[in-house]
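Grab a pencil and work through these exercises with the structure open beside you. Each one sets a task and then walks through a solution.

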Amino acid sequence: MVLLASLLAFAQGPARHVNQQRLWATLEKLSEFGRPAGAGFEGGVTRVGFSEEDLAARGWLMQQMREAGLEVRVDPAGNIFGKRAGSEKFPTILFGSHIDSVPRGGNFDGDVGSLGALEVMRALRDGKIATRHPLEIVIWTNEEGHHFGRGLLGSSAAAGLLSADVLERRDEEGKTLADWLRRYGQDPARLADARIAPGALAAYLELHIEQGGVLDESKIQIGVVQGIVGIHWWTCTASGFANHAGTTPMNRRQDALAAAARAALAVREEVRAESGRQVGTIGYVRVEPGARNIIPGRVEFPVELRDLDAAKVLRIWARIEKRFAEIAKEENVKLDCVPLQADEPALTDTAIQNDIRAAARAAGYSTLDLPSGAGHDAQQIAKLAPIGMIFVPSRGGISHSPREYSAPADVANGAEVLYRTILLLDERLNRKP
Ligand code: HGY
Ligand code: MN
Ligand code: MN
């Protein structure tokens, strides 16, 4: 009997330190903040940064962090931190993610890394584990950038990458970032104080769902992230002339939507014109005046380009701009684009990649090295400290959708690898030669 039990335990791999049930129950609880009416956990969530739902979720999470014995504080950018002391005066090992979502998103993007970090802190407390380095959780503000066209907002502030003018940028409701920060109880004038001092961090780790289908298809449990793509955003406006749809002959039109439609296809062609994994997207069009019997006079649309190579993105953009100028001339409209955000690609630290691989191996999980096509706060924190990212499988590779899903065991595996990687880092960093 004993032999059978130990054989079974061996087949299942070493026991986890983190608690799968507790972590999953916490994910389900968080999903209630922003859950669509009548839906269950699998119905997705709308909890965009700075919304009422986000505000309520933040309050609940801070309470959970306090109950886990952490010292909680909020910085002037609204980033939430929860600290656990170390035995030495060493820089902090920071880990976390975000809890804001895209509109009609899922309950895993950001939540897994945030609550996985909380579970690690709970497990360390349960096991009475002391570390040499102080450990700190972070929940970054407004990662998705639904408002103001500024994603990675909190981590950008922490890395000193925000220009002061972002405070006066208005969202679609006419509110400025300064207004929103006041709602978070912060003084916008102090935004620059959110900057984390150079040398304050020993390392930054982020656990996240893959948001692509590689791990799921290959049945691999843990992804070791090699690097995170750069993300460039522009806002473009096609300005034509709104006129009667029945009386304006086809050759006399200045149709802003026709120009925007051609622009969308030009973006796709230019992105596809080179080999590689670069991607380009036009995520919405706002058509004015927006009536069946009026020729569109004005159309706003964004262009987003991503790649691990920033030079490639700029090269593709230069070709797109040329195509837009040709389209504008042919359609007799104005087509102008202004840059909104450019977040650089970032490579993860190779020594931390090794730690993540070793942690996964020790826990009995398979691993695969892969790049991240999604943006993450880690790419901003790479300016301050060596970073590492742990991915877990996303079912069907679906994300930014209510159908986003990762299995409870996969989520717990990721948290276990986070737990073990933190302890490996605590061991390896700041050792005297
Ligand atoms: O848009 C993104 O890549 C992200 O999920 N923040
Ligand atoms: Mn996302
Ligand atoms: Mn995310």
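Let's start with arginine 306: an N or O atom of the arginine 306 side chain sits 2.7 Å from an oxygen atom of ligand 1. Before going on, know that this is a predicted model, where local features need pLDDT of at least 70, side-chain atom pairs count only at pLDDT 80 or more, and totals for chains, interfaces and linings use all residues. Residues are numbered from 1 along each chain as its sequence is written, chains are lettered from A and ligands numbered from 1 in the order in which they are written, and side-chain values use heavy atoms, with hydrogens and water left out.

**Exercise 1. Map the surroundings of ligand 1.**

Step 1: list the neighbours, meaning residues with a heavy atom within 4 Å of the ligand. You should get Asp109, Glu143, Glu144, Gln211, Arg306, Ala374, Gly375 and His400.

Step 2: sort them by class. Ala, Val, Leu, Ile, Met, Phe, Trp, Tyr, Cys and Pro count as nonpolar, Asp, Glu, Lys and Arg as charged, and the others, Gly among them, as polar. That gives one nonpolar, three polar and four charged residues.

Step 3: look for polar contacts (a pair of N or O atoms within 3.5 Å; within protein, one must be able to donate a hydrogen and the other to accept it, and residues adjacent in sequence count only if both atoms are side-chain atoms). Besides the arginine 306 pair at 2.7 Å, a side-chain N or O atom of glutamate 144 is 3.1 Å from a nitrogen atom of ligand 1. Glycine 375 joins in with its backbone, an N or O atom of which is 2.7 Å from a ligand 1 oxygen.

Step 4: check the cover. On its own, ligand 1 has 210 Å² of accessible area, and the protein covers 90% of that (Shrake-Rupley method, 1.4 Å probe; for residues, only the protein chains shown count as cover).

**Exercise 2. Work out which residues hold the two manganese ions.**

Step 1: find the donors, which are N, O and S atoms within 2.8 Å of the metal (3.2 Å for Na, K and Ca); water is not among the atoms, so sites may look incomplete. For ligand 2, the protein donors are Asp109 (OD), Glu144 (OE) and His400 (NE2), at 2.0 to 2.2 Å. For ligand 3, they are His98 (NE2), Asp109 (OD) and His208 (NE2), at 2.0 to 2.2 Å.

Step 2: spot the link. Aspartate 109 coordinates both ions, which are 3.7 Å apart.

Step 3: place two of the donors along the chain. Aspartate 109 is in the loop between β3 (92-98) and α4 (111-126), and histidine 400 is in the loop between β14 (387-392) and α12 (408-428), so this pair ties together parts 291 residues apart in sequence. Strands (E, at least two residues) and helices (H or I, at least four) are DSSP runs numbered from the N terminus.

Step 4: compare burial. Buried means under 20% relative accessible area, exposed over 50%, and partly exposed in between (1.4 Å probe, protein chains only). Aspartate 109 is buried at 6%, histidine 98 is buried at 0%, and histidine 400 is partly exposed at 40%.

**Exercise 3. Track down the disulfide.**

Step 1: search for cysteine sulfur pairs within 2.5 Å. Cysteine 236 and cysteine 337 turn up, S to S 2.3 Å.

Step 2: read the twist. The angle about the S-S bond is 110°, and the link of cysteine 236 and cysteine 337 is right-handed.
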